[in-house]
Amino acid sequence: MKCVLPFNIVVFLVPNFNFLNIPYEPILFGYKTNIHLILEYLAFFVAFRYYVILRRHSNDVISSNNRLSIILGAALGALIGSRIVGFLENPLVSLSQENLIQLLNTKTIMGGLFGGLLGVEIAKKRIGETQSSGDLFVFPIILGIFIGRIGCFLSGINEFTYGRETSSVFGMDLGDGLLRHPVALYELVFLILLFFSLKRIQNKASLKNGDLFKWFMVFYFSFRFFIEFLKPNTFYILWLSTIQILCIICLLYYYKTILNVFKHAR
């Protein structure tokens, strides 16, 4: 089904966008490919290479062995967290064999981020590392999420990253004939703004080691809390989705950082 942009809004991500079928499923070597999966793997590769470049040009106070332990802790925590939160997004689904396999394959970046955070904290305690370790990951994470979100957008309704129906100028047909909020595109715009805003903060402000990562988590989880209202979520507790509840938990985790922001704003 054709993806139509009202008022000829130009989306710069894909050339000849008005002629692109959403969901976009390119044929490679005679087989239909999962563009989201391809871009997801690309996101991991590019983000890690970006991290390596940043570390090479930084004065990292953490030793290579401890940094490796931290990365492994982050990876394991992200793997577990993404699966758990992905499952909790649909906890009431009937546990047939088909649904169980689908749930085991379900993952979410929000669970990955928070699970990775907990994995890092556990790893640091085990190796006795006291230095903050998150700042070097900030911009690679943003870049990785950005690439992954392009895949989410191109997958249309095949991935649960589409928005509610809307009659606004931003409404797009993502594959089911309905005009929906393109929340993946909204997030792409936000990520661009977040990337350059944090770069400016890093260059202009006097930040303590670890503050940049805290700012990233606060800003991104705050954005995701509000954008979830534009998605056709199931709201289980207090009219909030699982992702929104996780966002609140994360913001409570960083309450001291948030309070410091308000103190400096006075």
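How much area does the chain expose, and what share of it do carbon and sulfur atoms supply? The chain exposes about 15600 Å², of which carbon and sulfur atoms supply 64%, with areas taken from the Shrake-Rupley method with a 1.4 Å probe. This is a predicted model, in which local features need pLDDT of at least 70 and side-chain atom pairs count only at pLDDT 80 or more, whereas totals for chains, interfaces and linings use all residues. Residues are numbered from 1 along each chain as its sequence is written, and side-chain values use heavy atoms, leaving out hydrogens and water.

**Overall make-up**
- The chain holds 9 helices and 4 strands, which are DSSP runs (helices H or I, at least four residues; strands E, at least two) numbered from the N terminus.
- Of the 266 residues in the chain, 44% are buried, meaning under 20% relative accessible area with a 1.4 Å probe and protein chains only.

**Helix H5**
- Helix H5, residues 138-155, reaches 26 Å from its first C-alpha to its last, close to the 26 Å expected at 1.5 Å a residue, the expected span being 1.5 Å times one less than the number of residues.
- In H5, 16 of the 18 residues are buried, and just after this helix Gly156 takes a positive phi of about 60°.

**Nonpolar core**
- The largest nonpolar core (buried Ala, Val, Leu, Ile, Met, Phe, Trp, Tyr and Cys residues joined through side-chain atoms within 4.5 Å) has 50 residues, and Ile142 is one of those that touch the most other members.
- H6 gives the most to this core, with 11 residues.
- Beyond its neighbours within four places in sequence, Ile142 is in contact (heavy atoms within 4.5 Å) with residues including Leu191, Leu198 and Phe216.
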